[in-house]
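Colleague: Please choose one part of this model and take me through it closely, residue by residue where that helps. I would like to understand how that part sits against its surroundings, and on what grounds you say so.

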Amino acid sequence: MESYARKAGALTGVDPRFGVPALVTITEPESTFNNQRWRADTVDANARGRIVADGHPQNCSRGATLCIPTIFAAFHQEETATTPYAVVAAGCATINDVRDRYRVDRAGSHSASRVQQADPKRSARGY
């Protein structure tokens, strides 16, 4: 997972000292490090809408960081794949999202303090 986090960090300009641990920490509880079984959350509040091509409800969270489709689309990084199942693309969208939503600085130094899901010392929670 670290190599994907490094690539996402490089594409978004986040400092690897902050971005890599934050993304790795986020992916563990979200998708068990992109485990095939857990990379689509079909039971959370977002899991609604018609069943789409991947066999899951349209709005359910997907990918290594479990982005909902609208967040993934809004914060997609141009140089990456257009599917949230691509780990680097999901990581980039997550970095861009937390920068915007939680006002995490460009380097990512506020990730753990502002995003509970990115802090390995606090319990997991949605972001």
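Modeller: Asn96 has a relative accessible area of 16%, and because the cut-off for a buried residue is under 20%, Asn96 counts as buried. This is a predicted model, and what follows should be read as a description of that prediction. Asn96 lies in helix 4, and its side chain makes a polar contact, at 2.9 Å, with the side chain of Gln77. Gln77 also appears in the list of residues that Asn96 touches once those up to four places away in sequence are set aside, and the other two in that list are Thr12 and Phe75.

The helix that holds Asn96 is worth setting out as a whole. Helix 4 runs over residues 87–101, which gives it 15 residues, and the path from its first C-alpha to its last covers 21 Å, close to the 21 Å expected at 1.5 Å a residue. Of the 15 residues of helix 4, 13 are buried, so the rest of the structure largely encloses this helix. Following helix 4 comes Arg103, a residue with a positive phi, near 55°.

Ala90 is another residue found in helix 4. Ala90 counts as buried because its relative accessibility is 0%, where the limit is under 20%. Leaving out residues up to four places away in sequence, the contacts of Ala90 are with Ala64, Thr65, Cys67, Phe72 and Pro84. Ala90 can also be placed relative to Glu2: the two are separated by 88 residues in sequence, whereas their C-alpha atoms are 14 Å apart in space.

As Cys67 is one of the residues that Ala90 touches, the cysteines deserve a word as well. Searching the whole structure turns up zero disulfides. Cys60 takes part in none, and the cysteine sulfur nearest to its own, which belongs to Cys67, is 12 Å away. For Cys92, likewise in no disulfide, the nearest cysteine sulfur is again that of Cys67, here 11 Å away. A disulfide would need the two sulfur atoms to be within 2.5 Å. Cys60 counts as buried because its relative accessibility is 0%, and Cys92, at 0% relative accessibility, counts as buried too.

Key
Residues are numbered from 1 along each chain as its sequence is written. This is a predicted model: local features need pLDDT of at least 70, side-chain atom pairs count only at pLDDT 80 or more; totals for chains, interfaces and linings use all residues. Side-chain values use heavy atoms; hydrogens and water are left out. Buried means under 20% relative accessible area, exposed over 50%, partly exposed in between (1.4 Å probe, protein chains only). Helices (H or I, at least four residues) and strands (E, at least two) are DSSP runs, numbered from the N terminus. The expected span of a helix is 1.5 Å times one less than its number of residues. Contact means heavy atoms within 4.5 Å. A polar contact is a pair of N or O atoms within 3.5 Å; within protein, one must be able to donate a hydrogen and the other to accept it, and residues adjacent in sequence count only if both atoms are side-chain atoms.
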